[in-house]
Amino acid sequence: MPKALPLRLGVNVDHVATLRNARGGARPDPVRAALTAIEAGADGITAHLREDRRHIRDTDMARLKAEISKPLNFEMAATEDMLRISLATRPHAVCLVPERREELTTEGGLDVVGQHNALAPFIARLNDAGIRVSLFIAADPAQIEMAARLRAPVIEIHTGGWCDAVVDGHAAKAEAEWQRIVAGARLARAAGLEVHAGHGLDYDTAETIAALPEIAELNIGYFMMGEALFVGLGETVRAMRAAMDRGRQRSVAPT
């Protein structure tokens, strides 16, 4: 087993903005949430600026970049408008994700195999600007191999299928999805990619996946914002960090 990399926690603040936008106005403030998460131990902040601006807004991205002390991970679709905004904002990283207006949340991984001709110059422009590019993809060998060929230094494995199966009690499906993630993380690391993971993670699944030595970062949002309603955001971040640390301390990845 390879030596485990340090494991970072990225906190996604999208749904603080979702709550704010339900009534309009300025509160609750996603930037305040980001600062609280960092104070409690988050290693970075993630925010998804969607085409329809359903939660995070342009001004949120500008304020996050200006006001937080940790890296900003700018999730976005691969469009010219988003490229323009990202080049103006200059976040630490950009995570390219698929996006459909009618979806409630990101439903799957980016098809980098089918879209490689369009993605190659897009990724090159971000690389040239010194912005670290991550591709949000399924743990599929063809997608992982294409990500490496596209010169994206990072992939984020979509964990939604596995997390949903775990929560729903579908043991066989959960095991199959888990084995795909394990194999995908190993393949990506062997290809020289930094491996992140996210979507649908809670305390239990974060603890489990933290045991994979190839994983360098988890990006978690919706579950944490829900938990924060009951115990506060700072306590939620600390509890998630503790779950990740427990998983990281395991010597053998679970199966």
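**Exercise 1. Place isoleucine 215 in the fold and decide whether it is buried or exposed.**

Isoleucine 215 sits in strand 8, which covers residues 215-220. Strands here are DSSP runs of E with at least two residues, helices are runs of H or I with at least four, and both are numbered from the N terminus. The model is predicted, so local features need pLDDT of at least 70, side-chain atom pairs count only at pLDDT 80 or more, and totals for chains, interfaces and linings use all residues. Residues are numbered from 1 along each chain as its sequence is written, and side-chain values use heavy atoms, with hydrogens and water left out.

Next, apply the cut-offs. Buried means under 20% relative accessible area, exposed means over 50%, and partly exposed lies in between (1.4 Å probe, protein chains only). Isoleucine 215 has 0% relative accessibility, so it counts as buried.

Finally, look along the chain. Proline 6 is 209 residues away from isoleucine 215 in sequence, yet their C-alpha atoms are separated by 8.5 Å.

**Exercise 2. Describe the surroundings of aspartate 14.**

Start with its element: aspartate 14 belongs to helix 1, residues 14-23. Then take its accessibility. The value is 5%, so aspartate 14 counts as buried.

Now list its contacts, where contact means heavy atoms within 4.5 Å. Neighbours within four places in sequence are set aside; aspartate 14 then touches Thr46, Ala47, His48, His55 and Ile56.

Compare a residue that is farther along. Glycine 109 is 95 residues from aspartate 14, and the two C-alpha atoms are separated by 19 Å.

**Exercise 3. Work out how strands 5 and 6 pair, and which residues of strand 6 are buried.**

Two strands pair if DSSP finds at least two bridges between them. Strand 5 (residues 132-137) and strand 6 have four bridges, in the parallel sense. Serine 134 stands opposite valine 154 of strand 6.

Turn to cover. Strand 6 spans residues 154-158, and five of its five residues are buried. One side carries Val154, Glu156 and His158, and the other carries Ile155 and Ile157.

**Exercise 4. Do the same for strands 3 and 4.**

Strand 3 (residues 72-76) pairs with strand 4 in the parallel sense, over four bridges. Methionine 76 is opposite leucine 96 in strand 4.

Strand 4 covers residues 93-96. Ala93 and Cys95 point one way, Val94 and Leu96 point the other way, and all are buried.

**Exercise 5. Check the backbone at arginine 90, arginine 151 and proline 28.**

Arginine 90 is not a glycine, yet its phi is positive, about 55°. Its place is the loop between helix 4 (80-89) and strand 4. With 43% relative accessibility, arginine 90 counts as partly exposed.

Arginine 151 also has a positive phi, about 65°, and is not a glycine. This residue is in the loop between helix 6 (141-149) and strand 6. At 56% relative accessibility, arginine 151 counts as exposed.

The peptide bond from arginine 27 to proline 28 is cis, with omega near -5°. Proline 28 lies in the loop between helix 1 and helix 2 (30-39).

**Exercise 6. Summarise the whole chain.**

Count the elements: 11 helices and eight strands. Then take the cover: of the 255 residues, 49% count as buried. Last, the contacts: among those between residues at least 6 apart in sequence, 69% join residues at least 24 apart.
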